[in-house]
Each structure stands twice: as C-alpha cells, then as structure tokens.
Amino acid sequence: MSKKLSEKLSKKLELKVSDLRGVCDHRVFKFKNTAEIKPLDEIIGQERAVQALEFGLNMNHSGYNIFVTGLEGTGKSTIINDYVTKHAAKLPRPNDWCLVNNFKDEFRPLAVEVPSGKAISLSRKINRLLQKLKTDLPAAFESEPYLNRLSAIKNKYADKQNRVFQKIEAFAARNSLQIIKTEDEYETVPVVNGEPLTAEDHDQLSDDQKRQIEDNIRQIRNRIDMASVEIDKLNNALRSDIEAIMDDATRSIVESHLDKIRSEFKDCRDVLIHLSEIEQDIIENVHLFMPANASGSGDEDHPALSPKSRLFRYQVNPLTDNGARKGAPVIFETNPTYHNLMGRIEKRARMGTVTTDFTMVQAGSLLEANGGFLIMDIESVLMNPIVWQALKRALQNKSIQIEDIAEETGFGSVSLRPAAIPLKVKVILLGSYDTFEILQNNDRRFNKTFKVRADFDYEVEKTPDTVQQYAHFIARVCHEENLLAFTPKGVATIVEYGQKYVADRDKLSIRFGPLLGVLKEADYWARRNNARYVTDKYVVKAFNEYRFRYNLYEQKIHDSYHDDTIMIDVGGAVVGQVNALAVYQIGDFSFGRPVRITAETFMGKQGVVNIEREAKLSGSTHDKGVLILSGYMGRIFAQNYPLNLAISITFEQSYGEIDGDSASSTELYAILSSLSGIPIDQGIAVTGSVNQKGKVQAIGGVNHKIEGFFEVCKTRGLTGRQGVIIPRANRKNLMLSRDVINAVKKRRFHVYQVATVEEGIEVLTGTPAGKADQDGNFPRGTVYGAVQQKLRHYFKRSLELKKELE
C-alpha cells in the first residue's frame, strides 16, 4: 500500500491540537487578583446532596438519620459541619439534663430536665444551699427561742415524771416505806419513826408485821413497774416532741431557702418534686449538718467517704449545659469510643475499695447532642462493634442509658444504673460507598435507622458559573489560610487542573482536598520568590514539584526503557507485536508506560490461549476481555467454516498480576497482524477495550497512558510518526500536558481516535481493514482478506491432515 494512502487513513482519524486539552481563558475573570472578589459562601454543585440534607434535617420523624457518602477530599466534613451549623442556629436551644440522687434507691439515680442553661445554675444553688444549712441549722438549734422551747418541753415532761413518783412516794410513806433509787433500780426500805428498819429490828418483828411489810413492798414494786411504763411513754413522747420542734426548726430554715429555688423552677415539675424530697431527707437526716463532734453518727451509710463529702446526696450533677449555645447543639465526635459516645460512670479508689455515686456520671457526645445533631465518621464508629450496636439501640429506643461498658459486654457488675433519658437527636454519619453498601445489605437495622442518603459528587459541569465559583473558592481559601492572592492566569491554571483531575474537559473537580494542597504549595513557591501574587508560573511549579517528590519509582521504570531493560520498539514495523499502554498506581500517584503485547497464531483447536491466565497472573476483568476476542473472531471469520486456530497471546516482560480490559483491542490488533502477516507500526501505541461487535470502548487513565508513551518516545527520539490510538469515547477526557501539546503542534507526535477495530487496524498497518461481500469474503489487499486467507489455509490443511490420518 502506498505511503500516501496510509497517511490519508491516519489523517482522517487524527485529533486536532484543540481536542487534546481543555483551556480556560484567563480573560473571563474580571479582576486583577482574588483579593478583589468575595470569598465563596455557597456550595459548588452537590445539588443532590444538599437536597437530601435539607430533607433529612427537616424530617422530624423517627429513623430519618442521614448517611453521607462520597469520595475523600470532596469536602463532606466541612460542608456538612457548616450546613448543619447554619440549620441548627435557627432552632431553639434544647433543655438541659441533670442527674440527682434517688432517695428511695441510691443505685438508680434520677434524670431531671431543666430549662436550657439552668442545669449548672441549679447545681450551684443547691451547693450554696448546703453551705448555708451547715451554718444556719446548727445556729438554729443553739438559738434562745429554740432552747427555751426545748427547755419548756423538757420541764413539762419532768414535772409529769415527778408527779408520778410523788404519788408512789406518798403511798410508800403512808405504808411506812421509803423508796431509794440506785444506779440500776429502785429499792424499797421499811422505816420506823422516819428511820430505816435495821435487820436486827426486822428480826424482832412479829410474823404478822413481817407479812404486812412484804405485802406493802410488793404493792410499791407493782406501782413502780407501772410507773416505769408510764415514764417510758413520757420519754417517748418527750423525744417525739423534741424531734417535732427540731423538724419544725429545720423545715422552717430549709423551706425559706428552698422557696427561692422553687420560685425560679416553678414550671419544672421534676425539679419541684426533687426539692420536696431534698427537704424531707434533710429533715430526717439533719444530723449530717451538725458539726462532727456534735453529730454522733457521722456517715454510717458511707464509711469510705470523707466527712466533707457526706452531703453529696443532695448535690445536682449537670450532665448537659446548653446555656451558651445559639440554637441546637452540633457535636462533631472525632473519637467515638463507647464512653465518649454513650457516657461513663467514673470510679473512686479509696481504702482498698472502689466506690461511685451519681455525681461521678458523665454524659457522652450523644447526650450532649440531644435536641440537635451528632456528626461522626462511620469508619471510626465501626472500629468498635459495641459502639455501633449501642448507637442503633439508642436511636431505635429514643432514649439513652448511661451504663458501664462491663454491663454492656456482659462481664462484671454495675453499682449504678441511672434512669434512661429521652433522646431526640439527628445522627449524621460520614462514610464511603463500600461501607454504605455493606451496611445496607447486611445490617437489618441500618435501613430502618438511616433512611436518608446524601451522596456527594466529585465533579461538576464546567459552566461559566462554576468557573467563576472556582475563583471565589480560591478567594475563600486565600482569606482563611492567609495565602497570597491569585492572578487571573493563576486561577485559570487551577481551573485546568480541576479538569485534568477528573479527566474531563466538560467537568470540574470538586474534590477540594487536593485543590487546597495545590493552592498552598503554589503560595509557598510564590513566597520563596518574594512574589506579591500567585501567577500561573507558580501553580505549574507546584504541580511539577509535587510530581518530582513522588515520581522516583516512575523514573526507575523509565530508566528501564532507556537502557533497553524493558524492550520496546518505538519505530519500524513488526508482525504480531503491538505497544499497549498500562497505568501504574502508587497510592494517589499514577503514571503510564507502554508494554509490549505479542501474539502467535498457528493451527489447532485451543482458541485464544492467555498466557497470563495460564500463569495465574491475570485478573478476572482481563480474562473477560480476552474471551471477548474469541466472540469477535468467530463473528467475523467463522460464519462459513469453523476456526481451526490456536492463538498464544501475552504481555512481554510482565511479572505481576494484570487486570482490566483496556488492552483487549490491542490484543486483537496483534492477533489480526499475526494472522494476516501484515506488520504493525511500532511507533503507535494503543489503548481501548473492545466488545464482540468490534466497537472500541472507553478506558480509564487515558492522559497518563498518552503522556507515558510520549516520555518513552521523547527519550528514544521523536520521529514525527509516533503517536497513540485511543477510543473515540475518550476524546472528552483528554487533558494532556503542555509538552505533549507542543509536540503535536510541531507534528512530532500524534493522537488518533477510533470507534471500531477496523479503524484501529488501518492506522496501525496503513492497510484497509476490508469489507466483506454478500458471501462473507473479504477482498484481497486488505487486512481482513489476508486473515481470511490464512484461516482458510488452516481449515483446508486440517481437512487434508484428517484424510491422511484416515
């Protein structure tokens, strides 16, 4: 075939320079630098995610919590935090929650709801109350009115007791007896003429007189026993009256102080009930407020506690405080451990024992966010399955129970079990697509609890509006991070980077994490040169320096091409040999390089033999691509007779696993060349997958692949005939480097687009592919005609061999 015809075929499919890169005209920016424009105060793109957020935040029904998905760097965390904070500012502040002693069961503290900002106030007022009572109550019991009243009561009962004994003594006197009180009991002694009767005098008495004395003594003792019972009753009555006046005195003082607190919390029913219980308990345990030497009991119920802490039973433990908030709370929990999320019950080690009480209970972020919003990263939550289960249970039950993790895991014992607190919180989880899919398919509670998905996109349509928004975004970053302002050319270069990052000239990247890094690094290089503004020069410098820091492995691979360690031809023509294009990826850094594919065809029945698959170095997607080749070969060449064919195909000098189908068209070209005997131009590399109909399909990493082959060709020497064939569907993905663009402008390098295998083989061989006639025969002088002749030869020869064997 003539060189002129070959050039005509290639020229038809060659892309223009304007097709190779999307360019942002800096003249669309009507400012001298970004310091002159307003920083961005809106969200670029993300209409779907914002609409889902708006719906989820305003849906007050149970289960409408939000799961946010999206790639890293799309600004999910920042956008969610800002958006939710603005929404929460419009909502009322939620009430506070306190934990107080349960005087009926100290191991089950009670939760009390108070108005927003009043929890700490209530706690302080109770503490001041206790301090006042420690001085006021002892003083009240030492006051003159109280002592006079106490003395009157004691005198009253002393008189009653005296009258009882006076009656007994009068009866004894009438019967010549005298009552003498000893330490242990009362003794009755007979008297004669006012003098006690001696033993000698008693012996001289007659028997009748002795019996009369004994009878009188017996009556006196009976009367004494009856008097003792009456005196015990009087003593009990005395104690009751003393306790009553103590209660009255205590109640009077406590009520005078509590009434001030009651007036402030008159609308809080739970607080009023608790204050009444405090009042009653103080009256019953007023000894706790007495000086240590005056109170005989001390702290019998809490022997391990110091005397200073014996009044803790009346304290208030403020779990949450929303007084300083402007609207509903927004909590971003970065470390959602069980205790950080659900709360904890602290312990105190003292005298060899571990104790706790309700004042040592602390709220977690879930309770702090009650009435508002809690934001967490799902990966951190799932690090501990207990946390995930506890979170779902709290959301489903609409209440939170602060308890020890020992009880949650089923081990150990818990000394406290605080009352459950009603929960009304909107939980927002940030995660990846994979995590969302796993939870949705395997966790039956997940779909009931997180009914809203906000999916963040990583790209947005490139429009005049979004280009301008990019400039305002840069202005915002410069303002917040104190960076130098960017010139219009600098902004335009960032816009082009946004196109290249998503490999689409019609779209812009909204993964602002990487963009933020470029802006900071460009600012760094501008400051190094004492520049006033960041121009396009410093943006390009930032790109190049970033690549240099990460491309050591790329350079090592490139050196292998330069010294022929990796064998690649970038000139001449070889039968059954094509340069494919592969992408290497190390973390976030990617680069492309060529790899040689060879195909050998011969008689047989094995079909396509994929050497990588036989060596277990082929991934499933690559295996699929190779199997598709058999379908295409059969559709084109096996309509009239079977294929008696064996094909061996491999990636030369490839020792790692290969996956992906982007080389399937390349492999097909090698097969067609081997069968036809027509050599393939080694200066043209190929990428693109193919289907069974022969259509060339889009692939990924097209820019890396083109630039990688260009670097090898540049090292070996550009001839003006080298280039790359890409799928036509990838035309919009081209954002090639300036070096490649300049080489194409000078006609030193070429980029071709193809939609079918036929177009590709024509560019590679300079020979028409050929079109079958009605009988399925391809004309001579075409690639497919030569393939058909070879296959017919194989078929005829197989028949001949069969006859010879018979």
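Which residue lies over the face of F436? In this predicted model, R453 occupies that position, at 4.4 Å from the ring centre.

## Charges over aromatic rings

The placement of R453 over F436 has a counterpart elsewhere in the chain. The side chain of K541 lies over the face of W525, with a separation of 4.9 Å from the ring centre.

## Aromatic pairs and the cluster

F436 is also a member of an aromatic cluster, which is formed by F67, W388, F436, F446 and F450. Across the model, the count of aromatic pairs comes to 25. One of them joins F67 and F446 in an edge-to-face arrangement, with 5.5 Å from centre to centre and 80° between the planes. This pair connects distant parts of the chain: F67 belongs to strand β1 (residues 66-69) and F446 to helix α15 (residues 446-449), with their positions 379 residues apart in sequence. Both F67 and F446 are buried.

A stacked arrangement is found for Y497 and F543, because their ring centres are 4.7 Å apart and their planes meet at 20°, where stacking requires planes under 30 degrees apart. Y497 is located in helix α17 (residues 488-502) and F543 in helix α19 (residues 536-550), so the pair ties together parts that are 46 residues apart in sequence. Y497 has a relative accessibility of 17% and therefore counts as buried, the cut-off being under 20%. F543 has a relative accessibility of 22%, so F543 counts as partly exposed.

## Strand β30 and its parallel partner

Strand β30 spans residues 750-754 and is mostly covered, with five of its five residues buried. The cover extends to both faces: H750, Y752 and V754 are buried on one side, and V751 and Q753 are buried on the other.

The strand runs parallel to β29 (residues 723-727), and five bridges join the two. Within this pairing, V724 has V751 of β30 as its bridge partner. Between the two strands the chain passes through helix α25 (residues 738-745), giving a β-α-β crossover that is right-handed.

## The surroundings of A769

A769 is placed in the loop between α26 (757-765) and α27 (783-805). Its relative accessibility is 1%, and A769 therefore counts as buried. When neighbours within four places in sequence are left aside, the residues in contact with A769 are E758, I761, E762, T782, V783, Y784 and G785.

Which distance separates the C-alpha atoms of A769 and D215? The value is 149 Å, for two residues that are 554 residues apart along the chain.

## Overall dimensions and organisation

The secondary structure of the chain consists of 27 helices and 30 strands. Of its 806 residues, 47% count as buried. Contacts between residues at least 6 apart in sequence were also examined: 76% of them join residues at least 24 apart.

The chain has a radius of gyration of 48 Å, whereas a compact globule of 806 residues would have a value near 28 Å. Along the principal axes, the C-alpha atoms fill a box of roughly 170 × 80 × 45 Å.

How values were computed:
Residues are numbered from 1 along each chain as its sequence is written. This is a predicted model: local features need pLDDT of at least 70, side-chain atom pairs count only at pLDDT 80 or more; totals for chains, interfaces and linings use all residues. Side-chain values use heavy atoms; hydrogens and water are left out. Buried means under 20% relative accessible area, exposed over 50%, partly exposed in between (1.4 Å probe, protein chains only). Helices (H or I, at least four residues) and strands (E, at least two) are DSSP runs, numbered from the N terminus. Two strands pair if DSSP finds at least two bridges between them. A crossover is right-handed if, with the strands pointing away from the viewer, the path from the first strand over the helix to the second runs clockwise. Rings of Phe, Tyr and Trp (its six-membered ring) pair if their centres lie within 6.5 Å; planes under 30 degrees apart count as stacked, over 60 as edge-to-face and the rest as tilted. A charge sits over a ring if NZ of Lys or CZ of Arg is within 6 Å of the ring centre and within 35 degrees of the ring normal. The radius of gyration is taken over C-alpha atoms; the globule rule is 2.2 Å times the number of residues to the power 0.38. Contact means heavy atoms within 4.5 Å.
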